[in-house]
Number of protein chains: 2
Amino acid sequence: MNKRVLSTKDRLIRSAANLFRVRGYHGVGLNDLLAHANAPKGSLYHHFPDGKPDLAKAAAVWASDEMLRLIAVSFEEAKTFEDGMTTLCHKLAKLFDLAGRWDGCPISSTLFEGPDNEDFRACAEQLFNGWIAEGAEAAERLGDAPDEARRKSERMFIMVQGGWTLARARRSSDVLRELPRLLT
Amino acid sequence: MNKRVLSTKDRLIRSAANLFRVRGYHGVGLNDLLAHANAPKGSLYHHFPDGKPDLAKAAAVWASDEMLRLIAVSFEEAKTFEDGMTTLCHKLAKLFDLAGRWDGCPISSTLFEGPDNEDFRACAEQLFNGWIAEGAEAAERLGDAPDEARRKSERMFIMVQGGWTLARARRSSDVLRELPRLLT
């Protein structure tokens, strides 16, 4: 979809997701956000009455939905869980390269403010659990019992999170491509 | 060592390490830092001429050295790499609980500002590579060939990073304790 046809609300959400994942929640000012989204200040509080924290949660949910789709499409034609994980890791490596190798996890970068913001933490937990549930469903469909499916999916989540952190520090998507090999 | 006998410089470094890992580099203001360290403003620029970024790197190095010691002590009496990793994961779980389950990785929380700060990224890469080298040395000592030692240590690093992120989102140290089980 062409960026010009997005609603102001959608532009705000995408700009927030893109900026927070590079510089973190506190590293992005409201003015930068509005300029990036080409949106007037009034529009922010119209769509997100609580302002920046509301927008951050919406941005994290949007990015999380993209990740759910990425997991689904990676496992769609997989013959085994390992196949699906390999496809997912290659897709993530491509995304990482497209983003210039600077992006962090859109949830981790956005929704951690410590004990001052239990609301953010609870939102992050819910979104992460959603990714793990999506992977576990795929594993069950491919023949694993529920416990084993959950174990495999949780391991995949942990490897992708940790791998992304190392890839970002090294600015190298190879870390992501090699994750499945680390498990053999 | 009693906190009262620490030098002002050491107090600044420890306060920075403790505050950044909870709220991130941008989430902590200089005034909060100085108050937490009980240090006058002049002392910050005396010890860290470039101010907050300098202090952040010193804090990350300090926290990284603690991690290097934790890896070393975990593998000191280990009979196998898996034993050492299990000990390390249990020690990290204890630390996580002591910190109230809010801390992030001291490097990831502190040294990522995107393309605006390549210096931070390079420092993070160097520190992470140090952790991986420490683990690989342990694996070699326990009998692995260099390539396999490196592979095991990189996998441990990735599992610990990703596991810590999930533990933080869930506020549960069990994720860390169960990491070795995920690899069996």
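Among the elements that cover the buried residues of helix α6(B) are α7 of chain A and, from chain B itself, α4 (52-76), α5 (81-98) and α7 (146-170). Here a residue is buried if 20 or more other C-beta atoms, placed from the backbone, lie within 10 Å of its own, exposed if 12 or fewer do, and partly exposed in between. Helices are DSSP runs of H or I with at least four residues, strands are runs of E with at least two, and both are numbered from the N terminus.

The model is predicted: local features need pLDDT of at least 70 and side-chain atom pairs count only at pLDDT 80 or more, while totals for chains, interfaces and linings use all residues. Residues are numbered from 1 along each chain as its sequence is written, and chains are lettered from A and ligands numbered from 1 in the order in which they are written.

**Fold of chain A**

Chain A contains nine helices and zero strands. Its radius of gyration, taken over C-alpha atoms, is 17 Å, close to the 16 Å that the globule rule (2.2 Å times the number of residues to the power 0.38) gives for 184 residues, so chain A is as compact as a globular protein of that length. The C-alpha trace of chain A spans about 50 × 35 × 30 Å along its principal axes. Of the 184 residues in chain A, 45% are buried. Two residues are in contact if their C-beta atoms, placed from the backbone, lie within 7 Å. Among the contacts of chain A with a separation of 6 or more, 60% join residues 24 or more positions apart.

**Relation and contact of the two chains**

Chain A is superposed on chain B by a rotation of 180° with 0.0 Å of shift along its axis, at an RMSD of 0.0 Å; the fit is by least squares on the C-alpha atoms of residues with pLDDT of at least 70 in both copies. This relation is that of a two-fold axis. The C-alpha of chain A nearest the axis belongs to G162(A), at 1.9 Å from it. Both copies use the same surface, since 100% of the contact residues of chain A recur in chain B.

Each side is of known extent: 34 residues come from chain A and 34 residues from chain B. On the side of chain A that touches chain B, α1 (8-23), α6 (118-141) and α7 (146-170) each supply at least two residues, and α7(A) gives the most, with 15 residues. That side has 13 nonpolar, 11 polar and 10 charged residues, where Ala, Val, Leu, Ile, Met, Phe, Trp, Tyr, Cys and Pro count as nonpolar, Asp, Glu, Lys and Arg as charged, and the others, Gly among them, as polar.

E113(A) lies in the loop between α5 (81-98) and α6 of chain A. With 20 C-beta neighbours inside 10 Å, E113(A) counts as buried. Leaving out residues up to four places away in sequence, E113(A) touches Y25(A) and F120(A) as well as R23(B) and G27(B). Its C-alpha atom is 8.9 Å from that of H26(A), 87 residues apart along the chain.

**Helices α6 and α1 of chain B**

Helix α6(B) has 24 residues (118-141) and should span 34 Å at 1.5 Å a residue, counting one less than its number of residues; its end C-alpha atoms are 35 Å apart, which agrees. Its buried residues include F120(B), C123(B), L127(B), F128(B) and W131(B).

Helix α1(B) (residues 8-23) has 16 residues and reaches 22 Å from its first C-alpha to its last, close to the 22 Å expected. Among its buried residues are L12(B), I13(B), A16(B), L19(B) and F20(B). Their cover includes α2 (30-37), α3 (41-47) and α4 of chain B.

A16(A) and A16(B) have the most contacts inside the largest nonpolar core, which has 108 residues. Such a core is a set of buried Ala, Val, Leu, Ile, Met, Phe, Trp, Tyr and Cys residues joined through C-beta atoms within 7 Å. Apart from its neighbours within four places in sequence, A16(B) is in contact with L33(B), L55(B), A56(B) and A59(B).

**Positive phi angles in chain B**

| Residue | Phi | Place |
|---|---|---|
| G24(B) | about 85° | just after α1(B) |
| R101(B) | near 65° | loop between α5 and α6 of chain B |
| G143(B) | about 110° | just after α6(B) |
| R171(B) | about 50° | loop between α7 and α8 (174-177) of chain B |

R101(B) is partly exposed, with 15 C-beta neighbours inside 10 Å. R171(B) is also partly exposed, with 17 other C-beta atoms within 10 Å.
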